Amino acid sequence: MKKLRTVKGMNDILPPESARWHRLERAFRTTMRRHGFGEARPPIVEPTALFVRSIGEATDIVEKEMYTFTDRGEKSLTLRPEGTASCARAYLQHNVQAIEPVTKWFYVGPMYRRERPAKGRYRQFYQAGAELYGDPGPYVDAEMIDMIVSFLRELGVEDVEVMVNSLGSGETRARFREALVAYLEPFADQLSADSQRRLHVNPLRVLDSKAPQDQEIAEGAPNILEYLGDEDREHFDEVRATLTALGTPFVVSPRLVRGLDYYTRTLFEIRGRGGELGAQNALCGGGRYDGMIEELGGKKTPAIGFAMGLERLLLAMPEEEDAGRVDVFVIARSPSLRREVVSVCRDLRASGLSVDADLRGGSLKSQMRRANKNAPLAIIVGEDEVERGVLQIKNLSDSSQHEATRAGAPALIRELLG
RNA sequence: GUGGGUGUAGCUCAGUGGUAGAGCACUGGAUUGUGGCUCCGGACGUCGCGGGUUCAAUUCCCGUCAUUCACCCCA
């Protein structure tokens, strides 16, 4: 029989690796709570039109990466390729702008894009992100970037580069686009095949092409920051000044352009420089999308958001010591004491400790070995102890042994765990 | 999607045209109430899968799948 396996580009996350995921997600939720963001949990499947309208028809995601299928009711559905569109849909659907002026949501979950898998790039991948509706910035823009950098630092990811840019608002973008196409057209036959195709579909994307010939041409291209209108310029200046005041390092990258069409004004990307990351080093991307809510049929509502790739974050995070699966491992001196061991475990767990035991009836030695691997403390249950109603608690790191009554054990264990 | 590399034990990897090895991990013991270190023993592989060449293929060839690197894209 053919072996069943995961779909290409989709991975099982199992213990002990899943423990690192939990730590990461817990840290993210803590940060979000501190900043007043509440969790939004939209469905993974959405109407295809949502993504086409918000992300943009000419983007790679919509053109060739979505998992789109027709369900039995003949509706076109799509596995979400990102989180911003779903949040915007929910924000509109539940008329949230009518109940509060400013809304702060975060989300964590899997996203789906049918790309060629590589290290740090999978077809099902996890993102943690946030959206903030109703505040035009620039202060929340800077605050969001600073929040992400602080979060990364807490995870031990310090070696990062924060790139910021402004795409201006609608009119700015249109004027710049015109100037850019005018500049690029004479070079059309020198551009890479990809960029030639993009020249009219999505010319901004030519700017961050990695092809050497494109980069050379992009060097001389007009600078979007010089096309910003007065209000856009003031907005961007204040984002930068606030970041500077916060002491958050960043570089202005006028050629930073992201692959989703909905961005306006503030745009940012955070790249890691850790060796594990390889070419997929974009840890976080985000920006302002003041036009999206209106385009989806709502009232004009400014918004800004970001998303981080959790697989990449995990690659960038430093290795951490394995602290052991449980607090205490309980050992039976002889197989006939296993019933007693189960009882001891039950009582310790009731006090809130995490406890495990090897109940297969193996030798004391083999149980000790497992204890050593799985917990900092071991409890040895022998005939003598049962008779006297006590427990022997052994600290496996310094070999010291302590005696406690069954009732007094949890307190002593907590003390030993520090 | 394009081009290249790599698939041998759970992991990291040697190796050979005559059907396989190391280290780590796992496991039993040395030690009749105690783990880690050391020593002795044990289990573990359809050599990714399919086809071809050959008396014989894990080894050579082709295909395929997986993975990885670059491009691409992006988180």
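This is a short tour of a predicted model of a protein with an RNA strand, to follow in your viewer one selection at a time.

**Stop 1: the nonpolar core**

Begin by selecting F306 and M308. They belong to the largest nonpolar core, a set of 88 residues, and they touch the most other members of it. Next, colour helix α5, residues 139–154: with nine residues, this helix gives the most to that core. Another core lies apart from it and has 20 residues; to find it, pick V328, L337, V341 and L348, which are among its members.

**Stop 2: strand β7 and its partners**

Now select residues 160–166, which form strand β7. Is this strand mostly covered or mostly open? Mostly covered: six of its seven residues are buried.

Add residues 264–272 to your selection. This is strand β9, and it pairs with β7 in the antiparallel sense over seven bridges. For a landmark along this pairing, look at N165, which stands opposite L267 in β9.

β7 also has a parallel partner, β8, joined to it by two bridges. Here the landmark is M163, which stands opposite V251 in β8. As you look along these strands, keep a rule of thumb in mind: in a regular strand, side chains alternate between the two faces of the sheet.

**Stop 3: a closer look at V251**

Zoom in on V251, which sits in strand β8, residues 251–252. V251 counts as partly exposed because its relative accessible area is 36%, between the 20% limit for buried and the 50% limit for exposed. Which residues does V251 contact, leaving aside its neighbours within four places in sequence? They are E161, V162, M163 and V164. For a sense of distance, select V52 too: from C-alpha to C-alpha, V251 and V52 are 32 Å apart in space, and they are 199 residues apart in sequence.

**Stop 4: around RNA strand B**

Finally, show RNA strand B. Of the 48 residues around it, R198, A282, K373, L396 and S399 come nearest. The residues of this surface divide into 22 charged, 13 polar and 13 nonpolar. On the RNA side, 55% of the atoms within 4 Å of the protein belong to sugar or phosphate, and the rest to bases.

Three close pairs are worth displaying:

- R121: a polar side-chain atom lies 2.7 Å from a base oxygen of RNA strand B.
- N372: a polar side-chain atom lies 2.6 Å from a base nitrogen of RNA strand B.
- L283: a backbone N or O atom lies 3.0 Å from a sugar or linking oxygen of RNA strand B.

For your last selection, pick α13, which gives the most to the surface near RNA strand B, with seven residues.

Terms used
Residues are numbered from 1 along each chain as its sequence is written. Chains are lettered from A and ligands numbered from 1 in the order in which they are written. This is a predicted model: local features need pLDDT of at least 70, side-chain atom pairs count only at pLDDT 80 or more; totals for chains, interfaces and linings use all residues. Side-chain values use heavy atoms; hydrogens and water are left out. A nonpolar core is a set of buried Ala, Val, Leu, Ile, Met, Phe, Trp, Tyr and Cys residues joined through side-chain atoms within 4.5 Å. Buried means under 20% relative accessible area, exposed over 50%, partly exposed in between (1.4 Å probe, protein chains only). Helices (H or I, at least four residues) and strands (E, at least two) are DSSP runs, numbered from the N terminus. Contact means heavy atoms within 4.5 Å. A residue is near a molecule or strand if one of its heavy atoms lies within 4 Å of it. A polar contact is a pair of N or O atoms within 3.5 Å; within protein, one must be able to donate a hydrogen and the other to accept it, and residues adjacent in sequence count only if both atoms are side-chain atoms. Ala, Val, Leu, Ile, Met, Phe, Trp, Tyr, Cys and Pro count as nonpolar, Asp, Glu, Lys and Arg as charged, and the others, Gly among them, as polar. Two strands pair if DSSP finds at least two bridges between them.
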